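Here are a few exercises to work through with the viewer open. Try each task yourself before you read its solution.

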Protein chains: 2
Amino acid sequence: MHKYSGETRLLVATDCIIFGFDGANIKLLLVQRGLEPEKHKWSLIGGFIKPTESPEDAANRVLELRTGLKNVYMEQFQVFGKPERDPVERTLSVAYFALIDIHQYEAQLSEEYHPEWFLLDEMPDLIFDHNEMVRLAKRQLRYKAALHPILFQLLPEKFTIPQLQALYEGVYQTKFDDRNFSRKLLSTGLLVKLPEKDKLSSKKGAFYYKLDQSHYEENFESFLNLVPNPDKFF
Amino acid sequence: MHKYSGETRLLVATDCIIFGFDGANIKLLLVQRGLEPEKHKWSLIGGFIKPTESPEDAANRVLELRTGLKNVYMEQFQVFGKPERDPVERTLSVAYFALIDIHQYEAQLSEEYHPEWFLLDEMPDLIFDHNEMVRLAKRQLRYKAALHPILFQLLPEKFTIPQLQALYEGVYQTKFDDRNFSRKLLSTGLLVKLPEKDKLSSKKGAFYYKLDQSHYEENFESFLNLVPNPDKFF
DNA sequence: ACAAAAGTGTTCTTTATACACCCATGG
DNA sequence: CCATGGGTGTATAAAGAACACTTTTGT
């Protein structure tokens, strides 16, 4: 069984920083830890890697178990491995961040684990090094979103330009000029205008758009400059 | 000892993709594997994580053991964790890429493990998934170097603009316009002109420059556009 | 004197920013 | 009819790309 003799085997977990957007604010999905120590303290959604699964598999399994959601945008961003990070027993954690459409999630709520959404600035203190994980995930999200169109993963299929702008403004905690924002986003060619309007948030109504899926996939790796003055956010 | 009962512990290694630059070409440092299977086949430099060290610690320890070098620029970039990636026993690997000044290395050569430098296009086939690790490390290097001034880590303290350009051209396997290149690099304010010239590579001689260390550290996270048309490299 | 590499300047095009008005509609 | 949010246009500034000639000096 153990063929590299003399080496120490370690527990390896995945933890997932799950971002959601409710149309107005960015939120984070947290659960209460089910075991001692720090039982009932808030925690990221995570779990141990099983012998037959990759870290990706584990992250997807845990995410589905806790939220009911599959095929979620997820990105590995850092291994956390300080020997003392989990006081129970040494555990490495492969951290992922995930982006989900918060309304789609609500429909599939996993009753058993009752996770809850928190506003970024109303988050409770988290167990272990999870606060640090969140800090770095937010940073990574800003970094990646400044260059690549990942934030669409947080929106429903149909969305308006004002919604999209609110999303970017939430991520970067700032206001962008509407005229320049819509021009920039439209100029990427990623958006397809739909004939319908969203009449909920204004009298005039705002046109819905959807992603041009093939254009999106082709240009995903390109360096798009989606955020003005990105430097100031790092 | 094992306090999370019922969970499986795994071997965790680090592997390091070590890039060097000899003034003309980018190279990769490889060693021959010391144990079966695939003994004597070429491999990245790596080793198992010990119970008391973080992945970073392990990567640094292994690097020093094999090359004699400390305080090397190193960046974690991906965990490789397919269950079958090491046929001997399941092993996760935390991959790092490192950038070192090849001439500094030569002075500190570790006799015991006789690692060797290979040109990127003359590399032997590597064990396990190390070919894939190298592919992704090259990609990551290009990505990061297009935005941040990391390639200076591959040069000696004093370097000339033509050397710097040859380095960038090596990383991106293309030619850049000299006039635009030097203007762009000088405009970053990262370079300090020295009064001496390097007379080895031309009759006229090229002025040496060094990094403005404080400016370098302050601007490291900024989005610099160091590479023309970066999109085409991904 | 010439070959070989270093260094510098100008124009043009593209992109980014700043800013101000008209539009559509529900109440 | 007017308040509210949606949508568009233009002028200026900055950055990027393309391109050609002069300088230095070892041989």
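Helices (H or I, at least four residues) and strands (E, at least two) are DSSP runs, numbered from the N terminus. One thing to keep in mind throughout: this is a predicted model.

**Exercise 1. Work out how chain B is placed relative to chain A, and describe the contact between them.**

Step 1: superpose the chains. A turn of 180 degrees with a shift of 0.0 Å along the axis lays chain B on chain A, and the RMSD is 0.0 Å. The two copies are thus related as by a two-fold rotation axis.

Step 2: look at who takes part. Chain B puts 45 residues into the contact, and chain A puts in 45 residues. Of the interface residues of chain B, 100% are also interface residues in chain A, so the copies meet through the same surface.

Step 3: turn to the area. About 4,000 Å² is buried between chain B and chain A, with 58% of that coming from carbon and sulfur atoms. Y4(B), Y143(B) and F223(B) are the three to pick out, as they supply 19% of the area that chain B buries against chain A, more than any other three residues.

**Exercise 2. Find which residues and elements line DNA strand C, and which atoms of the strand they meet.**

Step 1: list the neighbours. DNA strand C has 20 residues around it, and R179(A), N180(A), K203(A), P162(B) and R179(B) come nearest. Among the atoms of DNA strand C within 4 Å of the protein, sugar and phosphate make up 48%.

Step 2: pick out polar pairs. Two of them go to base oxygens: a polar side-chain atom of K204(A) sits 3.1 Å from one, and a side-chain N or O atom of R183(B) is also 3.1 Å from a base oxygen. F207(B) works through its backbone, with an N or O atom 3.1 Å from a phosphate oxygen.

Step 3: assign elements. Two or more residues come from each of α5 (178-187) of chain A, α5 (178-187) of chain B and β10 (206-211) of chain B. α5(A) gives the most, with four residues.

Step 4: sort by class. You should get ten charged, six polar and four nonpolar residues near DNA strand C.

**Exercise 3. Do the analysis again for DNA strand D, and then look at the ends of α5(A).**

Step 1: the neighbours. Here, too, 20 residues surround the strand, and the closest are R179(A), K204(A), R179(B), N180(B) and K204(B). Sugar or phosphate accounts for 45% of the atoms of DNA strand D within 4 Å of the protein, and bases for the rest.

Step 2: the polar pairs. On the phosphate side, a polar backbone atom of F207(A) is 3.0 Å from a phosphate oxygen, while a side-chain N or O atom of N229(B) is 3.1 Å from a phosphate oxygen. On the base side, R183(B) has a polar side-chain atom 3.4 Å from a base nitrogen.

Step 3: the elements. α5 and β10 (206-211) of chain A and α5 of chain B each supply at least two residues. The largest share, four residues, is from α5(B).

Step 4: the ends of α5(A). At its start, a side-chain oxygen of D177(A) comes within 3.0 Å of the backbone nitrogen of R179(A). Just after the helix, G189(A) has a positive phi of about 75 degrees.

**Exercise 4. Decide whether S93(B), T14(B) and N225(B) are buried or exposed, and find their partners.**

Step 1: S93(B). This residue is in strand β6 (residues 91-101) of chain B. Its relative accessibility is 0%, so S93(B) is buried. Its side chain makes a polar contact of 2.7 Å with that of D15(B).

Step 2: T14(B). You'll find this one in strand β1 (residues 11-21) of chain B. At 2% relative accessibility, T14(B) is buried as well. Among the residues it contacts beyond four places in sequence are S93(B), V94(B) and Y96(B).

Step 3: N225(B). This residue lies in the segment after α6 (213-219) of chain B. With a relative accessible area of 52%, N225(B) is exposed. Beyond four places in sequence, N225(B) touches A146(B), L147(B) and K184(B). M133(B) is 92 residues away from N225(B) in sequence, and their C-alpha atoms are 26 Å apart.

Notes: Residues are numbered from 1 along each chain as its sequence is written. Chains are lettered from A and ligands numbered from 1 in the order in which they are written. This is a predicted model: local features need pLDDT of at least 70, side-chain atom pairs count only at pLDDT 80 or more; totals for chains, interfaces and linings use all residues. Side-chain values use heavy atoms; hydrogens and water are left out. A residue is near a molecule or strand if one of its heavy atoms lies within 4 Å of it. A polar contact is a pair of N or O atoms within 3.5 Å; within protein, one must be able to donate a hydrogen and the other to accept it, and residues adjacent in sequence count only if both atoms are side-chain atoms. Ala, Val, Leu, Ile, Met, Phe, Trp, Tyr, Cys and Pro count as nonpolar, Asp, Glu, Lys and Arg as charged, and the others, Gly among them, as polar. Buried means under 20% relative accessible area, exposed over 50%, partly exposed in between (1.4 Å probe, protein chains only). Copies are superposed by least squares on the C-alpha atoms of residues with pLDDT of at least 70 in both. Contact means heavy atoms within 4.5 Å. Buried area is the accessible area (1.4 Å probe) that two parts lose on being put together, summed over both.
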